[in-house]
Protein chains: 2
Amino acid sequence: MSTSGRQPGAFRAELVAVVASVGEDGPAVLASGDPLQLPAGELRADHDSLQEGVRAFAAEQTGHTLGYVEQLYTFADLGRGDGTGRVISISYLGLTRADTTAPEWAGAYTLLPWEDRRSVGTEQVLIDDLSRWVRGVRGAAREARQERREHLFGIGSMPWRPELALQRYELLWEAGIVAESPRASAVRPESGAVMLHDHRRIVATGLSRLRSALQYRPVVFELMPPTFTLGQLQDVVEAIAGQDVHKQNFRRLVEQQHQLVEPTGDLSHGTGGRPARRYRFRREVFAERAQVGTKLPIPRGR
Amino acid sequence: MSTSGRQPGAFRAELVAVVASVGEDGPAVLASGDPLQLPAGELRADHDSLQEGVRAFAAEQTGHTLGYVEQLYTFADLGRGDGTGRVISISYLGLTRADTTAPEWAGAYTLLPWEDRRSVGTEQVLIDDLSRWVRGVRGAAREARQERREHLFGIGSMPWRPELALQRYELLWEAGIVAESPRASAVRPESGAVMLHDHRRIVATGLSRLRSALQYRPVVFELMPPTFTLGQLQDVVEAIAGQDVHKQNFRRLVEQQHQLVEPTGDLSHGTGGRPARRYRFRREVFAERAQVGTKLPIPRGR
DNA sequence: GAGTAAATGCTGAGAGTGAGCATAACACTC
DNA sequence: GAGTGTTATGCTCACTCTCAGCATTTACTC
């Protein structure tokens with residue numbers, strides 16, 4: 001391919017991180033400023049690898065080390081950023097265990113309220129908005145919109161699939177229900193907090209990826225304290241998935257995962273009921289199963 | 001984050017494409033030169049989006065348009081390339097329908113022979129090499145290696161999972177069984193053809209992604225002629241998955257996918273047996289299900 | 001007519017999942 | 001110290017999916 005572009009080799013590149021942690025009130029991501037923005041830093045030449053770069057600058061900014069790091073997506077479209085030339089943004093997901101009550105943490109479901117279905121949140125408003133959007137066209141196009149709406153939001157016989165968070169965001173964006181960049185717009189509380197540029201889309205990407213990873217990699221444990229009860233583990237899984245899970249089935253699954261966790265021997269008292277056994281993640285299996293065969297349940301909701 | 005790097009904003013960026021097509025002898029990717037290399041081109045400023053860039057330069061180079069395009073991964077580690085500074089490589093997977101007998105196509109299983117298990121290929125040699133690698137260390141490390149080998153290669157009670165192609169490549173690379181860059185090395189025929197730099201790893205990434213996509217998106221049809229028999233469809237799926245599938249179950253699954261395909265009405269004669277019904281992909285469902293709920297079977301092999 | 005490939009119908013084993021009932025063990029109240 | 005609420009834990013059952021075969025029919029090619 002010939003290089004007929006005008007600036008053959010000059011691009012600014014930055015790392016954008018979705019640093020996630022799970023606290024009492026659910027998952028949260030590092031974000032600060034007004035409008036909220038994700039931590040980002042110019043790509044530096046003194047990092048051997050991108051992963052290393054992400055880890056380093058997350059440590060600088062937060063004092064926390066990231067347990068798990070995964071590349072999300074690279075954005076380089078024109079029309080992003082501030083018009084000072086094309087910026088290549090390489091986005092990463094990083095998991096850590098931090099106190100999310102500090103002000104620099106933004107609740108994931110403050111940004112994407114419809115993704116939390118634990119307490120039968122009345123996201124009905126958005127569904128209705130979508131209905132109007134569906135009816136905005138006729139014929140085959142309307143059917144297509146209708147199908148997407150039903151598939152993504154688990155309407156009718158379709159299940160709600162937590163890992164489709166990004167696609168839901170994109171649908172809502174197309175429908176004009178959520179806004180990117182803080183333009184003046186008729187933003188309802190149900191449509192969540194706006195972020196700078198396309199940062200909220202990146203958060204949605206991260207949530208999607210995290211929810212997917214949950215199903216086949218032992219990533220939850222990066223968000224857990226060293227020892228924990230199965231109840232606590234379930235709470236974290238539910239927080240990430242945004243869905244309640246059947247308690248008995250959850251323990252069955254965790255326990256039958258061959259040697260994924262092991263009991264420490266002591267109990268957790270004072271939780272108001274029968275004391276729970278404490279468990280520890282068997283870090284030994286991490287290397288082996290980093291990529292394979294560790295599934296925690298994300299149920300398909302009804 | 002402060003910009004303490006020495007060259008804050010100067011990076012070369014390129015697009016690298018894994019352009020795949022399926023012909024008589026299985027999946028193939030565009031690659032030429034000696035050593036073989038993937039088509040790549042400098043990122044140009046006159047493309048609005050990366051996708052558009054990939055499509056444009058694939059069209060330039062091959063004359064074929066890509067039906068499906070998906071971003072794979074962005075590489076920007078030092079130590080890649082030719083030492084003339086850091087290059088950011090954004091890799092893409094693109095599917096097309098082309099005659100793969102032309103010389104610029106390299107068979108995917110020439111590059112990654114162990115990924116084709118259709119004809120009970122005797123990849124036993126590699127398994128044995130891996131056994132030696134496992135025995136190269138002691139204690140817990142040995143167990144970890146052993147576990148990884150069993151998980152990834154479907155040994156013992158573990159199933160062979162086609163979509164783990166990348167992880168298998170990485171394991172073989174760690175074990176020194178496949179080489180990157182054409183260094184002089186004891187390369188066996190069983191370890192496949194070497195490519196430039198890390199290009200073979202990118203092919204493995206593409207194969208992994210393609211096999212995953214197969215399970216929940218109607219991407220196969222991008223590789224099929226406008227009309228086809230279920231037998232042909234099965235052949236292509238098997239070629240990509242590198243695995244045979246149970247015929248009756250395959251048809252059952254395809255047919256019960258609500259309106260995914262429809263019979264054209266005419267038959268395919270001259271195949272040596274009873275003529276098969278020809279089908280056509282219902283492109284209408286593509287938009288709706290682009291992201292959701294179209295699963296074709298990739299079986300877990302025994 | 002023989003051979004072959006495709007379509008079609010059916011079946012049963014087994015795994016996995018969703019959902020519920022029942023019991024156990026604590027804290028707290030009266 | 002009995003009762004109540006709450007959480008943990010154990011067990012069962014129905015149901016769906018998937019895998020994997022068997023058998024039969026059809027209609028072409030050679």
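Hi everyone, let's start at DNA strand C, which is surrounded by 17 residues, the closest being Gln248(A), Asn249(A), Arg251(B), Ala276(B) and Arg277(B). Sugar and phosphate make up 46% of the strand C atoms that come within 4 Å of the protein. Please keep in mind throughout that this is a predicted model.

Which side chains of chain A reach the bases of strand C? Gln248(A) is one of them, with a side-chain N or O atom 2.4 Å from a base nitrogen of DNA strand C. Arg252(A) also has a polar side-chain atom by a base nitrogen of that strand, at 3.2 Å. Arg274(A) likewise places a polar side-chain atom 3.2 Å from a base nitrogen of DNA strand C. As for the elements behind this surface, two or more residues each come from α8 of chain A, and from α8 and β9 (276–281) of chain B. Sorted by class, the surface near strand C holds two nonpolar, eight polar and seven charged residues.

Now over to the other strand. DNA strand D has 22 residues around it, and those that come nearest are Gln248(A), Arg251(A), His246(B), Gln248(B) and Arg274(B). For strand D, sugar and phosphate account for 52% of the atoms within 4 Å of the protein.

You'll have noticed a familiar name there. Gln248(A) is listed among the closest residues to strand C and among the nearest to strand D. On the strand D side, a polar side-chain atom of Gln248(A) sits 3.0 Å from a base oxygen. What about Gln248(B)? An N or O atom in the side chain of Gln248(B) is 2.6 Å from a base nitrogen of DNA strand D. From chain B we also have His246(B), whose polar side-chain atom lies 3.1 Å from a base nitrogen of strand D.

Three elements each give at least two residues to the surface near strand D: α8 (247–256) and β9 (276–281) of chain A, and α8 (247–256) of chain B. The largest share, four residues, belongs to α8(A). By class, we find four nonpolar, 10 polar and eight charged residues near strand D.

Let's step back to chain A as a whole. Chain A has nine helices and nine strands. Of its 302 residues, 52% are buried. Taking contacts between residues at least 6 apart in sequence, 64% join residues at least 24 apart. Chain A exposes about 13600 Å², with carbon and sulfur atoms supplying 48% of that area.

In chain B, I'd like to show you helix α4, residues 139–153. Its 15 residues reach 21 Å from first C-alpha to last, close to the 21 Å expected at 1.5 Å a residue. The buried residues of α4(B) include Arg148(B), Arg149(B) and Leu152(B). Just after the helix, Gly154(B) adopts a positive phi of about 60°.

Finally, some backbone details. There is a cis peptide bond between Asp34(A) and Pro35(A), with omega about 5°, and Pro35(A) is in the loop between β2 (26–30) and β3 (40–42) of chain A. In chain B, a cis bond joins Asp34(B) and Pro35(B), again with omega about 5°.

And which non-glycine residue of chain A has a positive phi near 45°? That's His197(A), in the loop between α5 (165–174) and α6 (199–216) of chain A. His197(A) counts as partly exposed because its relative accessibility is 29%. His197(B) has a positive phi of about 45° as well, and this histidine is partly exposed at 28% relative accessibility. Thanks for listening!

Terms used:
Residues numbered from 1 in each chain as written. Chains lettered and ligands numbered in written order. Predicted model: local features only at pLDDT ≥ 70, side-chain atom pairs only at ≥ 80, totals over all residues. Heavy atoms only, no water. Near = heavy atom within 4 Å. Polar contact = N/O pair within 3.5 Å; in protein donor to acceptor, adjacent residues only side chain to side chain. Nonpolar A, V, L, I, M, F, W, Y, C, P; charged D, E, K, R; others polar. Buried < 20%, exposed > 50% of the residue type's maximum accessible area, 1.4 Å probe, protein only. Contact = heavy atoms within 4.5 Å. Areas by Shrake-Rupley, 256 points an atom, 1.4 Å probe, with all protein chains shown as cover. Expected span 1.5 Å × (residues − 1).
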